[in-house]
Amino acid sequence: MSSTLASTGTEGKTWGGGSAPLKASYGKMMMWFFIVSDALTFSGFLAAYGFSRFKYIGSWPIADEVFTHVPFVHGQELPMIYVAFMTFVLIMSSVTMVLAVDAGHHMKKTKVTWYLFLTIIGGLIFVGSQAWEWATFIKGDYGAVQTKGGQILQFVDAETGHRLALKDFATPIESERVQHLAKNGIWFESEGSHTTFNLQEVIAGMETHSNVIVRTQTLNAQGEKTLLSRDASLQQVRNYGRQVVEGANLKVNEYGSPLFADFFFFITGFHGFHVFSGVVINIIIFFNVILGTYERRKNYEMVEKVGLYWHFVDLVWVFVFTFFYLV
Amino acid sequence: MGAHEHKLAIFRGLIKFKSNTQKIWGVLVFLTIVTAVEVVLGIYKPAVLMTALLSPFDGGFGATTANVFLSPFIFLKPLNLIFILLTLVKAYYITWDFMHMRDETQALRRMVVWTAVFLVAYLIFILLQEGGYIESIYSSGYIKRGF
């Protein structure tokens, strides 16, 4: 039925179909477009972080004081060291990934297998480090008091200028306060776990230790947190103190604005989820390589497409690193 | 598969590598150096880099325009400006050499990069502007303009 086939006169020309002006396969191009949209999602989160930070620019926590821990190293403040290590691990796993892609172009199955294996190990080290970073942040280190207005008051030794942990000065008071459980109450409500010390114990400790002063969240002209005088310190805690805060969660944050913790959990969590799913996809591809799927297909483009995703995860981390830990 | 020829020069042809593998290691060395510089600057925070280079201009339309165009030097500490620039440099080499954007066609490159850059720039502008506005209302006793 040749009469139903319209001839457009463009056969063999640019618009005649069958040409690939971008010289990229469908799958690769779609991976790129997915990456663009995912990049916009991450930008939305980071820009929202910037919004909140600009809104509270005068009292935002100083990241160097928050992330100071390195596993197996105790009693030392080492800002940035561990997160720099994590960054390096992720860049390194990006390198092994691109080496796997390169080996795939040369159809070297053994090399692809090994490089993919190393990439997976790198990803796992990163996710593990991220989990450790979360755990440390949730646990907290010094403890603080939150005021009725939601401000965070931290404690400093007036003589040495060093931060004081609650356990350094709080005086334990014998009391009968028991955690309220859902099974006991008439409204089936329960309360969260208790902090190590309560507000009265902190106030009692402040009264007996004359060297304890309060540090507020307000940043001075030098970009340092404001220290209060001894009298003002006592007054702040006695009159405005509401509860003791240890560590950080979505509601309270001993390091300052709860928004800082919220964004930290959300953005690094979303990124960590990307790394985790990247590892899972890498494992699937890894087994496909071992089984010889791509050998039979006569090209390793699937490794390249997954590689694009993996590099993107690294790319996002570069920005998270800058805006959460450096700037 | 003959379609895998890579462009092996980086820094606008300043360094040319012999193979793709060699280029990958070269880029790794460069990215590691950049990260190390960031970490060292972040730990020591040199005092010279902690205050903005210029102070905001006062006056009419011309001053406001200058404040907008020179905003990176007026409202940002040089240290933070360096961090942001180094981040963009790292992002460029990850995209161009690890993700092989250098070897893609110009059209694909522009589709991906321009779309993202334009939308992200807009998003950052609008949100940071708003955040700064709210802060100025908080810090000036809930009055933005006393007529």
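1. Contact here means heavy atoms within 4.5 Å. On that criterion, 49 residues of chain B touch 51 residues of chain A. This is a predicted model, in which local features need pLDDT of at least 70 and side-chain atom pairs count only at pLDDT 80 or more, while totals for chains, interfaces and linings use all residues. Residues are numbered from 1 along each chain as its sequence is written, chains are lettered from A and ligands numbered from 1 in the order in which they are written, and side-chain values use heavy atoms, with hydrogens and water left out.

2. Chain B and chain A together bury about 4,300 Å², of which 81% lies on carbon and sulfur atoms; buried area is the accessible area (1.4 Å probe) that two parts lose on being put together, summed over both. Of the area that chain B buries against chain A, 13% comes from B:Phe98, B:Met99 and B:Leu128, more than from any other three residues.

3. The rule for a salt bridge (a side-chain nitrogen of Lys or Arg within 4 Å of a carboxyl oxygen of Asp or Glu) finds 2 across the interface of chain B and chain A. The structure holds 9 over all chains. B:Glu104 and A:Lys28 form a salt bridge through their side chains, at 3.2 Å from N to O.

4. Helix α10 of chain A (residues 301-326) recurs in the points below. Helices (H or I, at least four residues) and strands (E, at least two) are DSSP runs, numbered from the N terminus. A salt bridge joins the side chains of A:Lys305 and A:Glu301 (3.4 Å, N to O); both residues lie in this helix, 4 residues apart, about one turn of the helix.

5. Across the interface, α10(A) meets helix α4 of chain B (residues 78-98): the axes come within 10 Å and cross at roughly 175°. Axes are lines fitted to C-alpha atoms, for helices over the stretch in contact, and angles run from 0 to 180 degrees between N-to-C directions. The two helices are therefore roughly antiparallel; angles under 35 degrees count as roughly parallel, over 145 as roughly antiparallel, 65 to 115 as roughly perpendicular and the rest as oblique. Residues making the contact include A:Phe319 and A:Phe323 of α10(A) and B:Phe83 and B:Phe98 of α4(B). By class, the contact has 12 nonpolar, 5 polar and 2 charged residues; Ala, Val, Leu, Ile, Met, Phe, Trp, Tyr, Cys and Pro count as nonpolar, Asp, Glu, Lys and Arg as charged, and the others, Gly among them, as polar.

6. Within chain A, helix α3 (residues 81-105) packs on α10(A) at about 160°, with the axes 10 Å apart. The pair is therefore roughly antiparallel. Their contact comprises 16 nonpolar, 6 polar and 2 charged residues.

7. Helix α4 of chain A (residues 109-139) and α10(A) have axes that come within 13 Å and cross at roughly 30°. These helices are therefore roughly parallel. Among the contributors to the contact are A:Phe126 of α4(A) and A:Trp310 and A:Trp317 of α10(A). The contact residues divide into 6 nonpolar, 3 polar and 1 charged.
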